[in-house]
Each structure stands twice: as C-alpha cells, then as structure tokens.
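Open the model in your viewer and show side chains as sticks. The tour below goes stop by stop, with something to select at each one.

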Amino acid sequence: MQSSLVTLLIFGACGYVTAQVQFQAEAYSEGGCVKPPPPQQIDANWLVSQKTFYVPLASQCAFRRFSETFLSRAGTTEDDVHSMCLTIDMVSSGPGLNVTNTGFDLRDFRQSCQAGSEAGHFFCIPVSGTAGTNPPRAGKADYYITATDNQSYLFIVRCVDSFFKDYLLLSTRPAISQDVHQKAVQSLRELGFDDRRVEVMPYQSCLRSDRFISTVSNVPNNNRGSGGGPPTYGIPPFPQGGPFIGGSNDLRGLGGGFGGPFPGPAF
C-alpha cells in the first residue's frame, strides 16, 4: 500500500509539473528582477532612426523566451534557438514606441511600449503576431537601457512579468567586437547575472525568404524591404498614437527629450 502511494505521488506530481510547465525558458531563469541604476541621457532620435537591431548576445533565458514566442512551443534542440536570426525594429508612433520582433522565416510579434518616468526605462506589452506565434508568451516587460554609445549598441536589462530577469545586447551589426563582448559580460556580472549563461546568436546563415540579413551595419539601409531588415507581412498597422498618453509616458522621456545627441553611458 505504501509503495502504491509513493508511486501515485511521484507520477501525480510529475503529471502536474508537465501540465503546468509548458515552456523551458523558466528553467534558465536567473532569479527575481533587479532594477539597475538609471543611465545618463540617451539619444532617442538615434534609437528610433536606427529601426533594425540585431541581438548578437543575450541570456539563455531571454533567447528561449523569444524562441518559444515565435514557435508557440518549447525548443527541443539548440537549433530552435540558434536558427532564430532574431531582429528587433523600433519605430516611434505619436507618443509611443512600436517594437516588431522578427525570428525564423518572417515570424513576427509586436509590442507596444511606453516610456517610464526616468531616462532609459520603458514598459512593453505584446499586442499581436503572425500566424503560429504566441505573443502573450513574450510577457509584459520593463526594459532598462543600462549602457549605450548612442551609435552602435544598447545593453538592456529586462524584468519580465514582474519576476524574471534577463538581458539583451542590441547591435547595429550582426556581430560585436571582442571588446564590447567582454565589457558586456563584465557589466552583466556586476548586475548579478551568471556569465556561464551568456549565449551568442549566430547570423552567418540567416536567410529571410528572398534576402539575406545584412552582415554589415544596417544604418544606410534601415528601411523595410530595402535590405536593412526583414519586411513584415500580414499584420495590421498600429492605431495612430498607440495606447499612450503624454506627460511622463511620452517617448521623449526615454532620452530626457528629443534633440540629442546625448552622452550615453558606454561600457
């Protein structure tokens, strides 16, 4: 009787866990959120004019959350992460910021973001996606820009669903220099992250339907469909102005006001 009870408890517990834990990103979690110190002023003009960013480096947890959002399932192989070819587009719309995340072969999900009351902080919620994606999986997230040179990269620490911390390094190029890589790793260590959980996104074989992702800076060609980033199909445009109000939520608060350039806190 005792052995049957133990068997029931073991299989019952495993069944419960299997039913509840449907995705793997949480297995790579590095604990609860941290609020990093605010950066200096950020050039918001550069941020939105750049439009397309690559993500050559991020935490394992972050990359897996993006992959699971695009695929609507947990990854079963490393290729489910490394073949993602993740790019992020940021475009201003009225007082808001529209973000389009693209992975694999033109799978997109979109976020609406509003600036926080302090420089470098904005809050994003998923709003839509192409067929087969699972936008709610992306979670509601606070983004904190902790370092940028206002010309080639952004280092962002996130707090997802008010609990999970992760980070992203956004770059104008698919690859970053060894110097930026080392400084990013040093920075994430200082913020309490485990440098053994750093992951690099390879872009060498990325193909988006009829075009390759650019392997050089995409600054000269950052318009969609002109070689500077993947086009987006099948998603209706955002309502003009977005779901935002002015005041402290205005996008201009992201950089302390448009008009830069501002001296961001580079690594």
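What follows is a walk through the overall fold, the disulfides, some salt bridges and a pocket of this predicted model.

**Stop 1: the whole chain**

Start with a cartoon of the whole protein chain. It has 5 helices and 11 strands. The chain counts 267 residues, and buried ones make up 51% of them. Switch to a surface view next: the accessible surface comes to about 12300 Å², and carbon and sulfur atoms hold 55% of that area. To see how the chain folds back on itself, consider contacts between residues at least 6 apart in sequence; of these, 66% join residues at least 24 apart.

**Stop 2: the disulfides**

Now select the cysteines. How many disulfides are there? The count comes to 3. Numbering the bonded cysteines along the chain, the pattern is 1-5, 2-6, 3-4.

Select C33 and C159. Their sulfur atoms lie 2.0 Å apart in a disulfide. This pair links distant parts of the chain, 126 residues apart: C33 sits in the loop between α1 (2–20) and α2 (44–50), and C159 sits in strand β7 (residues 153–160). Turn the view to look along the S-S bond: the torsion is about 85°, so the disulfide of C33 and C159 is right-handed. Colour the two residues by accessibility and they part ways. C33 has a relative accessible area of 30% and is partly exposed, whereas C159, at 9%, is buried. The cut-off that puts C159 in the buried class is 20%, and a residue counts as buried when its relative accessible area is under that value.

Select C85 and C206 next. A disulfide joins them, with 2.1 Å from S to S. Here C85 belongs to the loop between α4 (79–82) and β2 (87–93), and C206 to the loop between β9 (198–200) and β10 (207–208), so the pair ties together parts 121 residues apart in sequence. Is this link right-handed or left-handed? With -95° about the S-S bond, the link of C85 and C206 is left-handed. C85 counts as buried at 8% relative accessibility, and C206 counts as buried at 2%.

Finish the cysteine pairs with C113 and C124. Their sulfur atoms are 2.0 Å apart, and the two form a disulfide. C113 is in strand β4 (residues 107–115) and C124 is in strand β5 (residues 121–129), with their positions 11 residues apart in sequence. The torsion about this S-S bond is about 110°, so the disulfide of C113 and C124 is right-handed. Both C113 and C124 are buried.

Before leaving the cysteines, click on C61. It is buried, with a relative accessible area of 2%.

**Stop 3: salt bridges**

Hide the cysteines and show the charged side chains. The count comes to 9 salt bridges, and a few of them are worth selecting.

Select D80 and R73. Their side chains meet in a salt bridge, 3.2 Å from N to O. Which of the two partners is buried, and which is partly exposed? D80 is buried, with a relative accessible area of 11%, while R73 is partly exposed at 36%.

Move to D166 and R158. The side chains of this pair meet in a salt bridge at 2.8 Å, N to O. Both D166 and R158 are buried.

Then pick R196 and D194. These two form a salt bridge, and their closest N and O atoms are 3.0 Å apart. R196 is exposed, with a relative accessible area of 69%. For a group rather than a pair, select R64, E78 and E199: salt bridges that share partners join these residues into one network.

**Stop 4: the largest pocket**

End with the pockets. How much space lies in the largest pocket? The value is about 180 Å³. To find the pocket, select P37, T146, S187, E190 and L191, which are the closest to its centre of the 10 residues that line it. Then colour helix α5 (residues 178–190): with 4 residues, this helix supplies the largest share of the lining.

Terms used. Residues numbered from 1 in each chain as written. Predicted model: local features only at pLDDT ≥ 70, side-chain atom pairs only at ≥ 80, totals over all residues. Heavy atoms only, no water. Disulfide = S-S within 2.5 Å. Helix = DSSP H or I, 4+ residues; strand = E, 2+ residues; numbered from the N terminus. Buried < 20%, exposed > 50% of the residue type's maximum accessible area, 1.4 Å probe, protein only. Contact = heavy atoms within 4.5 Å. Areas by Shrake-Rupley, 256 points an atom, 1.4 Å probe, with all protein chains shown as cover. Salt bridge = Lys/Arg side-chain N within 4 Å of Asp/Glu carboxyl O. 1 Å grid on protein atoms, 1.4 Å probe; cavity = no way out; pocket = protein on both sides within 12 Å on 5 of 7 lines; lining within 4 Å. Points joined across faces, edges and corners; volume = space filled by probe spheres on them.
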